[in-house]
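Could you take a look at this one with me? I've jotted down some notes to help you find your way around.

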Amino acid sequence: MDRNYCTGEFPLLRNDLTDKLTQMAALLEQDIATLEHNDIQILNDIDTITKGLSELESITSTYFLNCLLSEYTDHSKEISRSIHKMSLNGQEALIVLEKNDPVSPLVKDGTPMNAKISSQLLESIFHPESQLSHGAVLIKSDMVVSASNVLPVSSQIFWDRFYNVRELSALGLSELCDALILLISKDKSTLFCLHGNLFPFSTSSP
């Protein structure tokens, strides 16, 4: 499996993540060392680890998403804020952030916007009653270039799970360029797509 790296620096989040992983690793090592003695304390430890995984997932996904966003735009906080709010409200969204490879030649039917990124703008575009809500928003640097874009759908055949149209569109575009694509589903699940791979992440209030 290809490894994906990001270069953003968020020391507070990284330190928190490091502490949580270190504590979990120490607990696991302790349980492995005492397992041969049939120490039933391991049951409590497993319960602690299970509960900690949810918090760990949130910290990890927040860290890496912020790292990635910082490579694409200086307005990552506005985008993170909009994702958090739209996810809470059950709004579907598809956001494309251009990096080095031009995205415009790969998408079609977009409505020009050329507006500065803001949480309010993104939330209004993806409001269920908005005529622009069904396509993808294209962001380049600090500008919302266009909305209601139609993305190329992946031609891959997936046997492991069912992918909806938004996910197939995100995969299709990410197979053709280095854009970062963010998805919010009606069930409030959130994913980001990069280099033909989908990754779940948890939203948190900025």
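The points below go from the whole chain to the sheet, the cores and then one helix.

1. Before anything else, a word on the source. This is a predicted model, where local features need pLDDT of at least 70 and side-chain atom pairs count only at pLDDT 80 or more, while totals for chains, interfaces and linings use all residues. Residues are numbered from 1 along each chain as its sequence is written, and side-chain values use heavy atoms, with hydrogens and water left out.

2. Now the overall layout. The chain has five helices and seven strands; these are DSSP runs numbered from the N terminus, with helices being H or I of at least four residues and strands being E of at least two. In sequence order the pattern reads α-α-α-β-β-α-β-β-α-β-β-β.

3. How much is tucked away? Of the 206 residues, 43% count as buried, meaning under 20% relative accessible area (over 50% is exposed, in between is partly exposed; 1.4 Å probe, protein chains only). The chain's accessible surface is about 11,800 Å², and 54% of that belongs to carbon and sulfur atoms; the areas come from the Shrake-Rupley method with a 1.4 Å probe, and for residues only the protein chains shown count as cover. Among contacts (heavy atoms within 4.5 Å) between residues at least 6 apart in sequence, 63% join residues at least 24 apart.

4. The sheet is a good place to start looking. It is open, has seven strands in the order β2-β4-β3-β1-β5-β6-β7, and its pairing is mixed. At the edges sit β2 and β7, each of which pairs on one side only. Neighbouring strands are turned by 25° against each other on average, direction ignored. Two strands pair, by the rule used here, if DSSP finds at least two bridges between them. As general background, strands of a sheet pair through backbone hydrogen bonds, either parallel or antiparallel.

5. Next, follow β4 (143-149). Four bridges join β2 (residues 111-116) to β4, and the two run antiparallel; here lysine 116 is bridged to methionine 143 of β4. β3 and β4 are also antiparallel and joined by four bridges, with isoleucine 139 partnered by valine 144 of β4. Their hairpin has two residues between the strands, and serine 141 takes a positive phi near 60° there. Because five of its seven residues are buried, β4 is largely enclosed by the rest of the structure.

6. Over at β5 and β6, four bridges again join an antiparallel pair, and leucine 182 has phenylalanine 192 of β6 as its bridge partner. α3 lies across β1, β3, β5 and β6, at about 25° to β5. α5 also packs on the sheet, touching β1, β5, β6 and β7, and its direction makes about 175° with that of β5. Such angles run from 0 to 180 degrees between N-to-C directions, using axes that are lines fitted to C-alpha atoms, for helices over the stretch in contact.

7. Which residues have the most contacts inside the largest nonpolar core? They are Ile79, Leu97, Ile139, Leu180 and Leu182, in a core of 26 residues. A nonpolar core here is a set of buried Ala, Val, Leu, Ile, Met, Phe, Trp, Tyr and Cys residues joined through side-chain atoms within 4.5 Å. α2 gives the most to this core, with four residues. Leucine 97 touches Ile79, Ile139, Leu180 and Leu182, among others, not counting residues up to four places away in sequence. Apart from this core lies another, of 19 residues, including Leu138 and Ala170.

8. Finally, zoom in on α5. Nine of its 10 residues are buried, so α5 is largely enclosed by the rest of the structure. Its cover includes β1 (93-98), β5 (180-184), β6 (190-194) and β7 (197-200). Glutamate 167, in this helix, is buried at 5% relative accessibility. Arginine 166, also in α5, is buried with a relative accessible area of 16%. A polar atom of the arginine 166 side chain lies 3.5 Å from the backbone oxygen of serine 133. At the helix start, a side-chain oxygen of asparagine 164 reaches to within 3.1 Å of the backbone nitrogen of arginine 166.

Notes: Polar contact = N/O pair within 3.5 Å; in protein donor to acceptor, adjacent residues only side chain to side chain.
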